[in-house]
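Here's a quick tour of the complex, starting from one strand pairing and working outwards. Have the viewer open as you read.

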Amino acid sequence: MATIEARGLRKTFGTTIALNGIDLRVEEGRILGLVGPNGAGKTTALNAILGLTPYQGELKVLGRDPWNERNELMRDVSFIADVAVLPRWVRVTQLLDYVAGVHPRFDRAKAEAFLAKTTIKPTSKVRELSKGMVAQLHLALVMAIDARLLVLDEPTLGLDILYRKQFYDSLLNDYFDHSRTIVVTTHQVEEVQDVLTDLMFINRGRIVLQCSMEEFDSRYVEVMVNPEHVAAARALKPLHERPVFGRSVLLFDHVDRNQLAALGEVRRPSIADLFVAVMSNNAAQPQPPPVPSETYGASKGAN
Amino acid sequence: MNTSSNDTPQSAGVRDPGYRSSATQPFYWSVWRELWENRAIYVAPLIVAVVVLFGFLVSTAGLPERRQTVLLLEPGKARAAIEMPYNAAAMMLIFTAFIVGVFYCLDALHSERRDRSILFWKSLPVSDLTTVLSKASIPLVILPLVTFAIIVATQVVMLLWTSVLLMTHGMSPASTWTNVPFLQGCLILLYGFVAIALWHAPIYGWALLVSGWARRATFLWAVLPLLGIGFFEKITFGTWHFASMLKNRLLGFAPHAFAFNAHSIDCPQLTPLKYLSTSGLWVGLIFAAVFVAAAVWQRRYRGPI
């Protein structure tokens, strides 16, 4: 059984189409990065997976229908929907009491052990903590929950580089194992490049690219082309071309590496480079009008 | 697929393929959660109690002399005079509990959307039903219990203070203790709290519903439409039926739940059977159930505002 399985997943808000028939299959033990511009439908897709919004089409998460079996599902699913959603009035100890009291798979000792490694005091209120500390606290709670699916929506937005790095390190070293699945959306794609096992680009409610990271590494090659070979390189139909310090960097899909090595310096592209390439090609094609903003349920403010 | 929360007892530290589970009490902890967030639930009645006690303290200057005068009156009037401050204290605290309850409900499903914490609460396996019922239990169960305890404590302090004061002036405190039927008063109070909570249930339900629905100004959304209907009726038909219905919803429990003496509101007779056969009670409870059910249904669709 796949952890997430969607067929023809569709969601509209009035006349705007947030999800335009998405097919998706995420197997157990994968870490999927969902990347897309603002308003692409990422949050809508996650909300559908988490049973926070009704949808059309077929969707099963851990074998359950998220909208109708949400209460059962949430025992096996954790999510960090945003940074700073922890209530500001709550004390750290109260938060631990509460989660321990309501969550059958929460291991309080584990959360406390994680918190002991931070500078967060158990008696502190959330409002007294820095943004980075709130993220650490939320991560401590989530890592102590023995969930099978963890959904992270921009979990490190607004955090400094040290906290961001630590966040993903903790997640990989202390939490992830191959019986769990993680789905993460982020704009800081460079930082998750080595974390992910699978990659998905989404734009205007559609999946525009879907591949595993092994596939990514074997398929995509970036070449800093020597000036004399530019015409030859262009003949190989690059996905994208960008100038860097007066030289051209071309991104290729499914082109023989040895052939490319003759044209210039070959290197591994970053997800960000591929993203820019795919999105600019995508924008060139005729498209339905873009979704103005990601919308949550019946009502959600700006992201 | 997985073991449910009841199947396996807590087995700390052991990670088995069936996943660790432990017994949970979502409703119990959700009520605590409300008390942590809304300290006004007990702080407000406590502050009022302190103010009442201070006022009483000041008013007891010259009590021994006044008590001698009062005792010359006929027994019924003497009793009413001695009892008066105890009843006044109880009523002020009951009124406080009502105000706290209404404002609590108007904020209960709004604050979690305002501060976006609804996304955190919804990440935990606590159903919308449990959440909304735990919030409804605050004005219907918790606030009455808390206020009852505070009223009893306040009255005990008042009784002890009066007794000490009388004794230091060489008088017997018996005139207070015989005229203030303390245990009987506690029973009346408890009954009163149940009667009031049931009668006011639709008010709290309506406030909860509006707090989950309105994006801002929950108080105005809760109150203005009702006033609007009342004024519309007055202008169009020249009658005040809707307004009197609202007034009845606020205060109408009293004539049904109690039978008062002809000359005073002290020591009323309890009439629970008459109260239970009042249609207004049951119509109100049906409305309350509808409002709460709508609030539960609505929370499914709700996210941050």
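## A bridge pair and its sheet

Let's start with one residue of this predicted model: Val223(A) has Val266(A), in β13(A), as its bridge partner. That bridge sits in a bigger pairing, since strand β10 (residues 220-225) of chain A runs antiparallel to β13(A) over four bridges.

Zoom out, and β10 and β13 turn out to belong to an open sheet of four strands in chain A, ordered β11-β12-β10-β13 with antiparallel pairing. At the edges are β11 (240-244) and β13 (264-267) of chain A, each pairing on one side only. From one strand to the next, the twist averages 25 degrees.

## Two domains in chain A

Chain A is assigned domain 1 (4-204) and domain 2 (215-284). Their C-alpha centres are 33 Å apart, and eight residues of domain 1 of chain A are in contact with eight of domain 2.

On the domain 1 side, α7 (189-192) and β8 (198-203) of chain A each give two or more residues. β8(A) has the largest share there, at three residues. By class, this side has five nonpolar, two polar and one charged residues.

## How far to trust it

For the complex, the predictor reports an ipTM of 0.87 and a pTM of 0.87. Chain B has a mean pLDDT of 88, with 90% of its residues at 70 or more.

Watch residues 1-19 of chain B, though: pLDDT is below 50 there, and the stretch has 21 contacts in the model beyond near neighbours in sequence. Where pLDDT is low, don't read the predicted coordinates in detail.

Key: Residues are numbered from 1 along each chain as its sequence is written. Chains are lettered from A and ligands numbered from 1 in the order in which they are written. This is a predicted model: local features need pLDDT of at least 70, side-chain atom pairs count only at pLDDT 80 or more; totals for chains, interfaces and linings use all residues. Two strands pair if DSSP finds at least two bridges between them. Axes are lines fitted to C-alpha atoms, for helices over the stretch in contact, and angles run from 0 to 180 degrees between N-to-C directions. pLDDT is the predictor's confidence in each residue, from 0 to 100. Two residues are in contact if their C-beta atoms, placed from the backbone, lie within 7 Å. Domain bounds come from an automatic or database domain assignment. Ala, Val, Leu, Ile, Met, Phe, Trp, Tyr, Cys and Pro count as nonpolar, Asp, Glu, Lys and Arg as charged, and the others, Gly among them, as polar.
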